[in-house]
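Colleague: Could you walk me through this model and explain the words you use for it?

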Amino acid sequence: MSAAAETTAGAAPGVRATKRRRRSVLLLATPALLVLGLALLVPILYLLYQSFIVGLGYGQLQNSFTLSNYTDALKDPVNRSIAIRTFSLAALTATICILLGYPASFFITFRLRRARNLALFLVVVSLFTSYLVRLYAWYTVLGKDGLINTALKTLHLIDAPIGFLLFSKWAVLIAFVNVFLPFTILILASAMQSIPSELLENSRDLGASAFQSFTKVVLPLTTPGLVAAFAYTFVLTSGDYITPALLGGKQSQTLASIVRDEFVTFGNQPAGAALSFLMVLVFAVVYIAVSQTRRYKGL
Amino acid sequence: MSARRQSWGLAFYTAFVFAFLFVPVLMVVLFSFNKTASFTFPFHGWSFQWYRSVFSSPDYRGAIWASLKVALVTVLIVASIGTLAAIAVTRYTSRGREVLRSVFLVPAALPGLFLGIALLSLFIRTKTDLSLGTATVGHVIYTLPYFFLVASSRLLRFDPLLEESARDLGASWWTTFRKVTLPIIAPALIAGALVVFSLSWDEVLITFFTIGSQNTLPLLIYSKVKQASDPSINAISTLLLTGSLVFIVGVRKFVVDIQS
């Protein structure tokens, strides 16, 4: 309803028409809401239910209530050490992504002029480069005859190829950083692009050093983006079971690979479900912490 | 002077970051043309034999078809329900709007593992046979938020008065949508559809749980890499890569159209 129509038609019919319009607009969301309800909400609720019943293994379930899936998952010392490994790997990945991505985003946003869009486009290309191909690509770099070993051999720094580069937790870390760095750069660059350039010039005009205008202007204004990038990388790395499977050694199991094994190998869905809900609990805490920093910054 | 030096330092750092992102992938492309079966160095000369073996292998051809089918159906479903949802959220003028918006973004905040096992449990419970169809369900849920974001960001930037004038002049809702809204948001919808296609084309984390005995292209590559036996992995990887690249260049074209 336009304002003019409302004034001529009088307030009451206008309000009614707006209400009707609201309802019809809401109707448009129905198909998508139905799909989300049936293929997201229902499965998650069923998974939650499963996490409280007894699993007999090999896909057999017994419909009696129990908390043991959760208590077992929390008590198991193996789980505990794998949980520490998973979350520290995820936090390390997110930190390195920011350490590599922040200066790069800064350079792209504030130092490049004509090449800025091209550089950002290249980052998008990298983001959309097949995830599996990017994982596999590290075989050609870290493998026994890979780029690094060949280079070291050519320089006569080593006689025999180094075997521990691939199939280790370091390979997993490098691949994770490679996969999530483009996300980080794009999130940070978009945060930096929204800083008005006058703000930086003014701070310099008022006598701030380059370092001061960075710590007083750029850093505070990009903190929400920084925190968001960290949280996103942290959550998606913790939930990744493909990278450890391809690049990790025998000791590189993560929580995600345990959940997968419970479902695919052992058929103990309740145990896997409980573990995955414990993971989601950690993610929820991370997301809530993120939204708190945002409120604190007044953004 | 020092600012100059600092800029050079940053430039080198950034160059390193780009090298880190691209060198491994470029190696794969290079070795896809290698004459011998070695995965890695030394490079023995150029040949197309691995591409020939990809196209003559029924495994690969089947997987390419499966991936195409899943991606196309996903795009069709997501584009239709996602467009309507984006219109609803951007044109709905009430407090429920933010809630609705967050609801549509939820799947993007959850790891694929979680979506995969949740769907798998339900499929087991309802005795649904796993197939390309069940895999498509997972892809729809996974890609919907991204399409929604692209479509609604365009809708937010265009003047609703254009629609209202059409309505005031007597056009029906459907005519307004067809003659006013759709032409304006079409480039964004195409960009969104391309994003959905390349996400679906590439998905492994959810597909692993929901597809059953069939293989999409990424799943086939996953099993080949695990066996580390097939030198045509480089060639098929390069093809997969070229596919997403073509799509992303397409997206760029449409995004530029949107901005101009």
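Here is a short conversation about the terms and the values behind them.

Modeller: First, some ground rules: this is a predicted model, in which local features need pLDDT of at least 70, side-chain atom pairs count only at pLDDT 80 or more, and totals for chains, interfaces and linings use all residues. Residues are numbered from 1 along each chain as its sequence is written, while chains are lettered from A and ligands numbered from 1 in the order in which they are written.

Colleague: Why is Phe167(A) called partly exposed?

Modeller: A residue is buried if 20 or more other C-beta atoms, placed from the backbone, lie within 10 Å of its own, exposed if 12 or fewer, and partly exposed in between. Phe167(A) has 19 other C-beta atoms within 10 Å, so it is partly exposed. Phe167(A) sits in the loop between α8 (147–154) and α9 (169–193) of chain A, and its phi is near 55°, a positive value in a residue other than glycine.

Colleague: What makes Lys127(B) count as exposed?

Modeller: Lys127(B) has 6 C-beta neighbours inside 10 Å, so it counts as exposed. You will find Lys127(B) in the loop between α5 (112–125) and α6 (132–156) of chain B. Its phi, near 50°, is also positive in a residue other than glycine.

Colleague: What is said about the span of helix α8 of chain B?

Modeller: Helices are DSSP runs (H or I, at least four residues), numbered from the N terminus. The expected span is 1.5 Å times one less than the number of residues. For a straight helix of 30 residues that gives 44 Å, but α8 (residues 173–202) of chain B spans only 37 Å between its end C-alpha atoms. Within α8(B) there is a kink of about 55° at Leu182(B), shortly before the proline Pro183(B); the bend is the angle between axes fitted to the seven residues ending there and the seven starting there.

Colleague: How many residues of chain B are in contact with chain A?

Modeller: Two residues are in contact if their C-beta atoms, placed from the backbone, lie within 7 Å. By that rule, 70 residues of chain B are in contact with 71 residues of chain A. Helix α1 (residues 2–31) of chain B gives the most to the chain B side, with 16 residues.

Colleague: How is chain A divided into domains?

Modeller: Chain A has domain 1 (3–50) and domain 2 (76–296), with bounds that come from an automatic or database domain assignment. Their centres, taken over C-alpha atoms, are separated by 37 Å.

Conventions:
Helices (H or I, at least four residues) and strands (E, at least two) are DSSP runs, numbered from the N terminus.
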